[in-house]
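This report describes the disulfides of one protein chain and then turns to a single proline. The sequence and the model come first.

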Amino acid sequence: MSRGRTGAGIAVAVIVAAGLASCSGSATSSAPSDAAVGASAYAEPSVVPSVLPSAAVSTMPSTSPSPSVKPKPKPKPTPEAEAVNGWIPVGDAWRKQVAAFKATKADPPPADAGNLPEFRADCKYSHRLADDPIVFPGLPGASHMHSFVGNKAVDADTRTADLTKFTATTCKPVKDRSAYWVPTLYDNATKKPVETTGFRVYYRSLQNNSAGQMPMPNGLRMISGDAKKKEPTPRGAQGQFYCAFYGPGDIDGVARSTNGNWPICGGDATLHFTLRFPDCWDGKHLDSPNHKDHVAYGSGNACPADHPVKIPSLTFEIQYGVKGSKAGYYLSSDPAGKSASSMHGDAFVMWDVNAMNQRTKNCIVQRRTCNNDGYDPFSY
């Protein structure tokens, strides 16, 4: 995965630009109605659709059950079931993880390790659904079309316990069982989806020190970008798609689409997009009503007082194996506008706890550059 025109320098510039924006089985990836479903309107997270999808409507029995039939006992409530007005409490799992993290000793890094405090997961495209288990949990088909990478079992009904149980993933390392997704990109000429050909997820420190650094809590949900933003993305605009490959290149492309919103890449470059997520957390909730209030962006060396827990900053670096065209593209979150401004990303975090703790100590606390395998002693 390229990191832009001149490596880290361009990537950081695009990350900062993209970070200024703010967001987001039942169907199959081969469904011919992808573009039609992708054109559905995106509702605010707090708004419940007036008409639920048929799959979300249960069929009531025509007669009452026999008195002799005893009702099944209710399952033990999950953290999601205990949510109050959209706020999901963090639960005991985090307290256990904190205790384990404090007891974790960092492994000495190799002498030639870089000084970028980060580790990563490289993921591949998994599946496509008009689902969003963060914004529309339990409502299959209620969202615009999303392209998922990582955990292979994700759909509208996915909860934290499901990510723990269903561990098949398209990510390396396989101990990253998280789900990541973005709106599906469509070719404006053919109306066919254009799926990601590379999807790198960085867990990194963007602050100038690692004092108070904590690992990422399992079950945390986050959104970066704004699915409702409908603004043009001409050459030089913030939050636009850009061109990149391994080597020098023009990130704005050698030409533009007819509507000016999409670059056309020269040489070996292809379309890329970068999204940066918040790096500070309130330490109390895995989610909030608008899926943003429980996290915040830190400054150069600290987190705000109301979000005091310093967590790794997720960064999506997404590659599409197309070079651009005069016809351009559109996103499922904005099929009419045909610009890139509604691009957004969702993360539903789930790692092997020991692997997350060790990587955070080795790579971020020690401020050393790690690859997919990190420096922990676990086998892959």
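What is the torsion about the S-S bond of Cys 280 and Cys 303, and is the disulfide left-handed or right-handed? The model is predicted, and in it this torsion is about -80°, so the disulfide is left-handed. The sulfur atoms of Cys 280 and Cys 303 lie 2.1 Å apart. The pair links distant parts of the chain, with the two positions 23 residues apart in numbering. Cys 280 belongs to strand β15 (residues 280-281), while Cys 303 sits in the loop between β17 (295-296) and β18 (309-310). Both Cys 280 and Cys 303 are buried.

**The set of disulfides**

The structure contains four disulfides. Counting bonded cysteines along the chain, the pattern of pairing is 1-2, 3-4, 5-6, 7-8. Three of the pairs are listed here, including the one already described.

| Pair | S to S distance | Torsion about the S-S bond | Hand |
|---|---|---|---|
| Cys 123 and Cys 171 | 2.0 Å | 100° | right-handed |
| Cys 280 and Cys 303 | 2.1 Å | about -80° | left-handed |
| Cys 363 and Cys 370 | 2.1 Å | about -100° | left-handed |

**Cys 123 and Cys 171**

A disulfide is formed by Cys 123 and Cys 171, whose sulfur atoms are 2.0 Å apart. With 100° about the S-S bond, this link is right-handed. Distant parts of the chain are linked by the pair: Cys 123 is in strand β2 (residues 118-123) and Cys 171 in strand β5 (residues 171-172), 48 residues apart. Cys 123 has a relative accessibility of 4% and therefore counts as buried, the cut-off being under 20%. Cys 171, at 2% relative accessibility, also counts as buried.

**Cys 363 and Cys 370**

Cys 363 is joined to Cys 370 by a disulfide with an S to S distance of 2.1 Å. The torsion about this S-S bond is about -100°, so the disulfide is left-handed. Cys 363 and Cys 370 are both buried.

**Pro 335**

Where is Pro 335 found? Pro 335 lies in the loop between β20 (329-331) and β21 (344-348). Its relative accessible area is 23%, which means that Pro 335 is partly exposed; the range for that class runs from the 20% limit of buried to the 50% limit of exposed. The C-alpha atoms of Pro 335 and Leu 185 are separated by 9.4 Å, although these residues are 150 residues apart along the chain.

Methods:
Residues numbered from 1 in each chain as written. Predicted model: local features only at pLDDT ≥ 70, side-chain atom pairs only at ≥ 80, totals over all residues. Heavy atoms only, no water. Disulfide = S-S within 2.5 Å. Helix = DSSP H or I, 4+ residues; strand = E, 2+ residues; numbered from the N terminus. Buried < 20%, exposed > 50% of the residue type's maximum accessible area, 1.4 Å probe, protein only.
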